[in-house]
Amino acid sequence: MLTDHSLVDALMEPYQAGRMNSYRETSFESLCRDKNIEPKQDRFVLIKETTTRTENMSLLVRLLKDARGLGDYTGLIIVLRSPFEAFLSQVHASSNMWLDKLMTSPSNKHFETFAKLAIAGLAEIVWHARSQHCRVINYNDFCSDPENELARLLGLFPLRLEQQQLELSKTAHRGGDPKAYSGASIEKTDRSAEVEELLGNLSDTPLKRKMLELQQISEGAASMATTQTIDQLAELVIMKQ
Amino acid sequence: MGIGYQASDRDMIDYDLWFLQRGVPGLRGPRQYFGENDFIAFTGAAQTFGRFVHDPFTAQVGRLSGKPYINLGISGAGPEYFLKRPPLLEIICEANIHIAQVLSGRSVSAGVLECNRSNNGVLKFLEGPCKDQEMLAEKAYSTLRKVYGEQAYEEQVEAVREKWVELYKTMLVGGKGSTYLAWVSEGNIGEVGECIEGGSPVGKFPHFVTRKMLEQVAENCAGVIDCTLESMRPQVLYSDTSGEMHEAWDRQNYPNRPDNLRAFNVYYATPEHHELVASRVIRTLIVDGRI
């Protein structure tokens, strides 16, 4: 939806998608050239990346620094999601869509792997988050009130909301995560029953408890100042062991 | 010491140190006292200095009260630090209002341990198997317990408690203004002073200080301001220049600090705690008609 703005050029998961080819370009100019984007004074480039691979975050941070070094305005949006929903979503995608069939069942083992990767990626981005103009949002808030959340995020650029951003069905496939574009429109899958079942099945481990805390932080993101949320995340994913 | 903090914390915060006079350590700035008659003096340790805090409670109280103030917060200080420095004592005595942070019982010379003159948080053994060895207070008390035995440790704690009261009484005599004791701690009054069996040999700040000790000293004061914040959240430390998280305790100088705690303040009063102290102090001063 953010990328549907007329002044925004989108770049979906350049590092995640390029991981098989060890794509590590962190020069903003070179990255744009590689991805056929021409940065212009009055336009914005939005890069979406996934946190479950720590290197994606390290590269993204370096890219942001490079862009800022060139005198460009940079910002960061962290989208938090219920880690249990995100895990189930990954299991679903891994089983049905992705080439890597690494996480095909909601088992304790796969959950631990997912949780460790999520924490490591978050830790990397959180360490640097306050060096950027930053917003933290909850995925569910975004889904339930896209107009307000979009407007809030666009304020970071700053841009004004455009009507076509709210018309999801017009969204074209731009690469990146195939599960986001699998249908004619983006609809949030209701996983509450599945999550409840998952929580009942998962063993009570420190990682599970940590993920429950992450869920709480995520749910409170809308009512907290961004800096407070980042501090809470830092405490959870870096300090607590 | 202020200079030590300035050196180690320079990427996070500029303490803007200033010097009252030669021989007196660097004081937390910016300077807000220029010899006025009606001013507030704050004495204390690192909490009063405001390590890791951009807007310490001293500055908040100064701003809210509209009075000039001087921050005499000195790293690791015990009462004897001030008693051994006449220029500082003179300032304290001249102040209309003196907010005296309750200082640590471990930073007191008594029994077999003597405080380092410059940093009261470093102790030297005066006798016994570790004679002349100098170490940080917590390690010194741990060594004392292990090497000299439990009885020697208990006698030491008793000795510093007695001495602490005596020193405070001396320090608080002769001031022209009103002195308030400010209890700045994560533990309630009277619940930090006792030695914790199996845990830290010095307990929580202000180590070893009991309710009874406080009551003895409070006889010479206008009151005690309870600034306990029991559930203090850790403070994430950031670089002032880059905005990124910052490891205040680097690997080279602090090899034993756990890696997950290098960029977190879990000991000194956090900005949240400073706000609480400022509000309690201001409320007390207003209720008592001092401002």
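User: Before we look at the sheet in chain B, what does it take for two strands to pair?

Analyst: Two strands pair if DSSP finds at least two bridges between them, and the strands themselves are DSSP runs (E, at least two residues), just as helices are runs of H or I with at least four, both numbered from the N terminus. In this predicted model, strand β1 (residues 40–44) of chain B and strand β3 (residues 97–101) of chain B pair in the parallel sense over 4 bridges, and Thr43(B) stands opposite Ala100(B) in β3(B). Because the model is predicted, local features need pLDDT of at least 70 and side-chain atom pairs count only at pLDDT 80 or more, whereas totals for chains, interfaces and linings use all residues. Residues are numbered from 1 along each chain as its sequence is written, while chains are lettered from A and ligands numbered from 1 in the order in which they are written.

User: In what order do the strands of the open sheet in chain B stand, and which of them are at the edges?

Analyst: The open sheet has 5 strands in the order β2-β1-β3-β7-β8 of chain B, with parallel pairing. The edges are formed by β2 (69–73) and β8 (223–228) of chain B, each of which has a single partner strand, so one side of each is left without a neighbour in the sheet. From one strand to the next the twist averages 20°, where angles run from 0 to 180 degrees between N-to-C directions and axes are lines fitted to C-alpha atoms, for helices over the stretch in contact.

User: How many bridges join β3(B) to β7(B), and is β7(B) buried or exposed?

Analyst: A residue is buried if 20 or more other C-beta atoms lie within 10 Å of its own, exposed if 12 or fewer, and partly exposed in between, with C-beta atoms placed from the backbone. In β7(B), 7 of the 8 residues are buried, so this strand is largely enclosed by the rest of the structure. The strands β3(B) and β7(B) run parallel and are joined by 5 bridges, with Gln101(B) opposite Ala182(B) of β7(B). On to the next pair: β7(B) and β8(B) are joined in the parallel sense over 6 bridges, and Ser185(B) has Thr228(B) in β8(B) as its bridge partner.

User: How should I read the overall build of chain B?

Analyst: One can set the radius of gyration, taken over C-alpha atoms, against the globule rule, which is 2.2 Å times the number of residues to the power 0.38. The secondary structure of chain B comes to 9 helices and 10 strands. Its radius of gyration is 18 Å, close to the 19 Å that the rule gives for 291 residues, so chain B is as compact as a globular protein of that length. Along the principal axes, its C-alpha atoms fill a box of roughly 55 × 50 × 40 Å, and buried residues make up 44% of the 291 residues.

User: Which helices of chain A pack at an angle of about 115°, and which residues make the contact?

Analyst: Two residues are in contact if their C-beta atoms, placed from the backbone, lie within 7 Å. Helix α4 (residues 83–96) and helix α5 (residues 108–129) of chain A pack at about 115°, with their axes 11 Å apart. The contact is made by Pro83(A), Phe87(A), Gln90(A) and Val91(A) of α4(A), together with His110(A), Phe111(A), Phe114(A), Ala115(A) and Ala118(A) of α5(A).

User: Where in the backbone should I look for cis peptide bonds and positive phi values?

Analyst: Omega near 0° is the sign of the first feature here: a cis peptide bond joins Gly29(B) and Pro30(B), with omega about 0°, and Pro30(B) lies in the loop between α1 (2–8) and β1 of chain B. The bond from Phe205(B) to Pro206(B) is also cis, with omega near 5°, and Pro206(B) is in the loop between β7 (178–185) and α8 (211–218) of chain B. As for phi, Ser22(A) has a positive value of about 55° although it is not a glycine, and this residue counts as exposed because it has 8 C-beta neighbours inside 10 Å. Asn36(A), in the loop between α2 and β2 (44–48) of chain A, has a positive phi near 55°.
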